[in-house]
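I opened this notebook to record what I looked up, going from the chain as a whole to a few chosen places. My entries follow the order in which I checked things.

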Amino acid sequence: MNNKKYTSNLYRFSLFIIFLSTLFFSSMAENNTISVNVGVILQDLNSEVEKIWLSCIKMALSDFYASHPYYSTRLVLNTRESKENVVSAASSALDLIKNANVQAILGPVTSMEQTFVISLGDQAEVPIISFSATSPSLTSLRSSYFFQFAQNDSAQVKALTAVVKGFGWRQVVLIYIDNEFGEGVIPYLTAALEEVDARVPYKSIISVSATDSQIVEELYKLMTMQTRVFIVHMTVDLSSRLFAKAKEIGMMSEGYVWLTTSNIPNTLKSLNSAAINSMQGVLGVQTYIPTTVEFEKFKLRWKQQFRRDNPTIIGEELNIFAFWAYDAAFALAMAIEEVLTTSFGFQKSNDSINSSTDIESFEVSHYGPNLRQALSLTRFDGIAGNFNLVDGQRQSSTFQIVNIIGDGARTVGFWTLKSGLMRKLGSPSSANSSIVSTSMGDLGPIIWPGESISVPKGWVNPTNGKKLRIGVPVQEGFTEFVSVMIEPGTNTTDVTGFSIDVFKAAVELLPYALSYKLIPFANPDGTMAGTYNDLCYQVYLGKFDAVVGDVTIRGSRSLYVDFTMPYTESGVVMVVPVKDIRRESAWVFLKPLTWDLWLTTSFFFFLIGFVIWVLEHRINADFRGPPSYQVGTSLWFSFSTMVFSHRERVVSNLARFVMIIWVFVMLILTQSYTASLASLLTVRKLHPVDADLKLQLRNGNTVGYQKNTYVYDLLRTVGFDDSKLKAYESVEECDALLSKGSENGGIAAAIDETPFMKILLAKYCSKYAMVGPIFKTDGFGFVFPKGSPLLHDVSQAILNVTEGEVILNIENKWFNKEGYCPDNSIPGVSSNRLGLETFWGLFLIAGVASVLALIIFLASFFYKHRHILINAEPGGSTQGKIRTLLEIFNKKDFSSHTLKTTQRARVADMGDAVNTILNNCSESPFGNSSDNGDQQNSTTTPCSSTGQESAEVSPAIQVDVTNDGEMEDTPERAQHCDNC
C-alpha cells in the first residue's frame with residue numbers, strides 16, 4: 001500500500017517538473033525567436049477564394065510552430081495585391097524585396113504574373129514559390145530561385161492521351177485560352193497525342209477577352225469539322241462560358257466528346273449549379289489527393305477557424321490550390337528553420353540610387369543560396385500528398401479520371417505513371433503488372449454528353465466537310481476486283497468489286513465517320529488513263545486522296561506513297577496447261593519410285609546377295625557349287641526376297657540377322673510401291689507442262705501477262721523479249737491464248753498475281769495448274785499519301801476484316817460463282833513419287849547391319865586361322881598366306897555343326913535311295929524265271945545270289961560327298977550298277 005502511494009506521488013511530481021520545463025523553455029523560445037519576413041502576393045484579398053488560400057497559409061504556419069515550439073524562427077507574412085495586373089504584381093514583388101526585406105515570396109497567382117516576378121527573385125536571390133501557377137512555360141526561364149509547388153500542367157498530358165488512346169480516337173481538336181497559361185501545355189499535349197497516333201487537325205484559340213458571340217462563332221466553326229473530340233484547357237471562368245454556349249447550340253449532345261485538363265475539375269466546387277449543368281458528360285483529369293485521417297481533421301479544423309474569421313462567408317469549399325498553399329508555407333517554414341541564423345538581411349548591389357522601387361538599386365539576400373538549397377531538399381507528407389521536389393518542381397504521378405454528372409464529378413478511374421489507367425488504386429492486377437494500361441475497359445461506366453452510355457466514335461459526317469477523292473482503276477477484264485459501270489441515262493458511276501467491298505467493310509470499322517467519293521481513273525472514252533504506276537502517282541500529285549483497287553504493294557511505289565496492310569495473298573505465279581500422266585507412256589510402272597530410289601534398291605539387292613553368300617557358302621550346301629552357280633544362287637536369293645519367294649535356307653545366325661532386317665525393308669518398300677502404283681493407275685493425275693519459267697525462256701515459248709500491270713517489267717527483267725510477250729485483258733482471252741499454245745500464236749504460260757490466277761483456275765480448273773510463286777510481292781493494298789493519319793486506322797481495320805468471317809463472305813460473293821473447283825496450285829514442281837529421302841533411314845539400318853555382320857564374320861574367320869598368319873616358316877610370304885586363307889575360305893567348314901547336320905541328313909537320304917535301288921534289283925523278273933530252268937541257271941546275277949553274297953556286295957557300296965556337295969560313285973558302286 002505504501003509502495004502504491006509512493007509511485008503515485010512520484011508520477012505527479014514528474015508531470016509537475018515537465019510542465020515547469022515546458023513553461024520555461026517556451027518563455028525562453030519566445031524571447032529568443034527570430035522573425036523572418038516572407039511575402040505573399042495575391043490578386044484580390046477580398047475575394048472568397050483568395051481569403052481561403054491566405055487562411056491555409058496562416059494555418060500551416062500555426063500548425064508548424066505548434067508542433068515545433070522550440071524552433072527559433074518565426075515567419076512574418078507581408079501580403080500584397082496584384083489587382084490581376086502583371087505590372088502591379090512585379091511592383092508588389094519589388095516592394096517586398098526592397099522595403100520589406102522578405103526572404104521568400106509566395107505567389108503571385110497566375111503564370112503571366114510569375115514571369116516578371118521570377119526574374120526579380122533571380123536577381124535578388126530570393127526564392128519565388130508558386131502554389132497556383134501551373135504553366136510548363138515557367139520552367140523554361142531556367143531560374144534556380146523559382147519553385148513550382150503547384151502541379152505542372154505537363155504532368156497530366158500522359159493521362160489525357162491514355163484516355164484518347166483507350167477509346168481509339170484518332171483526331172482531337174485542342175481548345176485553349178490565348179495566354180501563357182493556355183499556350184504553355186499545348187506543345188506537350190500535341191507531342192503526347194502524336195505518340196498514341198492521334199493527330200491534331202485544328203487548334204481553337206479563345207481570347208481572354210472573347211465575347212459570347214465570338215465564342216459561338218468559333219464553336220460553329222468546330223461544328224463544320226469531322227472531329228468530335230475536344231480537349232479544353234482554359235481558366236474556370238472562361239470554360240464555364242464556353243460550355244454554356246456549346247450547350248445552347250447543341251454541341252453537348254450525343255456524339256460529342258469533351259475532355260478537360262485538371263484546372264476545371266480541380267476548381268469545379270467553386271462553380272455555380274448553372275455552370276456545372278452545362279458541363280454534363282464532360283470527362284476530365286483531376287489531381288489526386290489521398291484521403292487520410294490527417295486530411296479529414298485538417299478540413300474540419302480549417303472550416304471551424306475560417307468561419308470564426310469570416311462569419312459572413314457561407315458554403316466555402318477548399319480546392320487543390322488551398323492545399324498546395326498550405327504545403328508551400330509549411331515547406332518554407334521548415335527550410336528557413338534549417339538555415340537558422342541570428343539575423344537575415346540584404347546587401348546592396350548598387351548604392352548609387354536609393355529609390356524605394358528602383359530596380360537598379362537591387363539588394364541581394366545573404367542567405368538566398370542556402371535557402372534555395374534547403375527548399376530543394378525538403379521532404380515531408382503534406383496535406384496534398386507526398387511533398388517531393390525535382391528541379392524545383394513538385395512531382396505527381398497519380399490522377400483521377402472524373403466524369404461530371406449531376407452536381408459534381410464522379411470518379412471513373414485512375415491513372416498512374418507506372419500502371420496507366422485503372423479502375424481502382426492498389427488493385428492486385430495493376431500492382432503486379434509491368435504493362436502500362438490504356439484500355440477503356442479499365443475505367444468505370446461513363447455518361448457521355450446527351451446522357452449517352454455508348455462510346456462516341458469521335459467523328460461524324462460534317463455539315464459541309466470535305467470528302468475524300470478516291471481513285472479506282474478501270475479495266476475490261478478481271479472485273480471481280482473492280483468494276484466501273486456508267487449509267488448512260490443518268491451519267492452516274494457505279495463502282496463495285498471485291499476490293500471495293502473490302503474497303504467499305506474497313507471503313508465501317510473505323511472509330512469515326514469517313515466521307516469519300518470513288519472516282520474512276522479513266523479517259524473520256526472510258527479506258528484506263530494510264531498504268532497502275534500512273535494511278536499511284538496521282539496520289540503523290542494530290543489529284544487523289546487515296547486509291548482503292550487491285551493495286552500491288554511495291555517498293556518502287558512506296559517511295560512516294562504509303563500502302564495499307566495487304567488484304568489478299570501475295571506473290572506472282574505462273575499458270576500452265578496440265579496433262580494426265582496416266583496416258584503418258586507404257587513405262588508408268590516406273591513412276592512410283594524416283595530414279596535415285598531405284599538405283600539404291602538395286603545396289604542393296606547386290607549387297608545383300610553378296611553378304612549372304614559370304615556368310616553361308618562355307619556351311620550351307622545351297623550356296624555351294626561351281627562359281628557361276630554360286631553367283632546365280634546368291635542373286636536369285638536376294639532378288640526373290642522382293643516377292644518373298646526364296647526357297648534357300650540360311651543357317652548361320654549372322655545371315656538370319658541380316659535377312660530379318662532386309663525382309664522388313666522390302667516389306668515397307670513393296671507395300672509403298674504398290675500403293676503408289678495403284679494411285680497412279682486409278683486416280684486422275686494432272687501434271688503441269690513446262691512448269692518452270694526459265695525452261696519457258698530457254699525453249700523460246702511465248703508467255704502472257706495482264707495489260708497495264710508491272711508484270712511486264714518483271715518478265716523483261718528475267719530476259720523475255722517483247723516478241724515473246726503477249727498481253728491479255730480478261731480471263732476469257734487468257735484461256736483462249738493458253739488453249740492455242742505458243743506454237744499456234746498463243747501462249748505457253750500466263751504470268752500474273754495470285755488473286756487474278758485464282759479467278760482463272762476457278763473458271764477453268766480442269767485445264768490449268770498454278771505454279772509458284774515465282775516472284776515475291778506483298779499483295780494488294782490501298783494507297784494513301786505519305787504520312788496520312790488515316791493509314792494506321794485503315795490498316796488496323798483491314799486486319800480486323802481479313803481475320804474474321806467478313807472476308808470469307810466477300811470472297812464467296814465474288815469468286816465462287818463457278819462452283820467448287822479443286823485446288824490445282826502447285827507450289828514449285830511437286831511430285832507424288834516416292835524418293836530416297838523417304839526411305840533412307842531403312843536403307844541405312846540395312847547397310848549398317850550388313851557391314852556389322854561382315855565384320856563379325858571376318859573377325860571370327862581370321863581369329864580361327866590365325867596360325868596361318870603368324871606362321872614364321874622360312875620362305876612363307878604374305879602372298880602365300882593370303883592364298884592359303886582364300887583356299888580355306890572357298891572350302892567347306894567341316895567343323896561347323898550346321899554342315900555336319902546337313903551331311904548326316906544327306907547320307908541318310910542317299911542310303912535310303914541305294915536301298916531302294918537294291919530292292920528293285922532283287923525283285924526284277926529276270927532274277928527268278930520259271931519258264932526255262934537252263935536259262936535260269938545261265939542268267940544268275942549277283943542280285944540273285946545267296947544272302948552271303950548279298951552281304952558281301954552291300955558293304956562295297958560307298959558314298960562320297962565331295963567338296964561341291966555332290967555324291968560320287970565309287971568303282972564298286974559303278975560295277976554293281978552295271979550288273980544291275
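Before anything else I noted the rule I need for strands: two strands count as paired if DSSP finds at least two bridges between them. I also noted that this is a predicted model.

**Entry 1, the chain as a whole.** I looked up the totals and found 32 helices and 35 strands in the protein chain. Of its 980 residues, 47% count as buried, and the accessible surface comes to about 49,100 Å², with 54% of that belonging to carbon and sulfur atoms. I then turned to the contacts with a separation of 6 or more, and of these, 71% are between residues 24 or more positions apart.

**Entry 2, confidence.** The average pLDDT of the protein chain is 80, and 79% of the residues score at least 70. Over residues 351–355, however, the pLDDT is below 50, and the model gives this stretch six contacts beyond near neighbours in sequence. I made a similar note for residues 826–830, where pLDDT stays under 50 and the model has 10 contacts beyond four places in sequence.

**Entry 3, around strand β9.** I started from strand β8, residues 229–233, which runs parallel to β9 and is joined to it by four bridges. Within this pair, V232 stands opposite T260 of β9. Following the chain from β8 to β9, I passed through helix α8, residues 236–248, and this β-α-β crossover is right-handed. β9 also pairs with strand β10, residues 283–287, again in the parallel sense, over two bridges, and there the bridge partner of T260 is G284.

Which residues of β9 are buried on each side? In this strand, residues 257–260, V257 and L259 are buried on one side, while W258 and T260 are buried on the other, and both faces are covered. I set beside this the general point that side chains in a regular strand alternate between the two faces of the sheet.

**Entry 4, an open sheet of seven strands.** I wrote down the strand order as β2-β1-β3-β4-β5-β16-β15, with mixed pairing. The edges are β2 (73–81) and β15 (389–390), each of which pairs on one side only. Helix α2, residues 48–67, packs on this sheet and touches β1 (34–42), β2 and β3 (105–106), with its direction at about 170° to that of β2. Helix α12, residues 320–338, lies across β1, β2, β3, β4, β5 and β16 (393–394), and it runs at about 135° to β2.

Inside the sheet I checked one pair in detail: strand β4, residues 128–130, and strand β5, residues 146–151, are parallel and share three bridges. S130 has Q148 of β5 as its bridge partner.

**Entry 5, two helices compared with their surroundings.** Helix α23, residues 754–763, is mostly covered, with eight of its 10 residues buried; among them are F756, M757, L760 and L761.

Is I660 buried or exposed? This residue lies in helix α19, residues 653–682. I660 counts as exposed because its relative accessibility is 61%, and the cut-off for exposed is over 50%. I finally looked up its distance to A846: the two residues are 186 apart along the chain, and their C-alpha atoms are separated by 9.5 Å.

Definitions and conventions:
Residues numbered from 1 in each chain as written. Heavy atoms only, no water. Buried < 20%, exposed > 50% of the residue type's maximum accessible area, 1.4 Å probe, protein only. Right-handed = clockwise from strand over helix to strand, strands pointing away. Contact = heavy atoms within 4.5 Å. Areas by Shrake-Rupley, 256 points an atom, 1.4 Å probe, with all protein chains shown as cover. pLDDT = per-residue confidence, 0-100. Axes fitted to C-alpha atoms, helices over the stretch in contact; angles between N-to-C directions.
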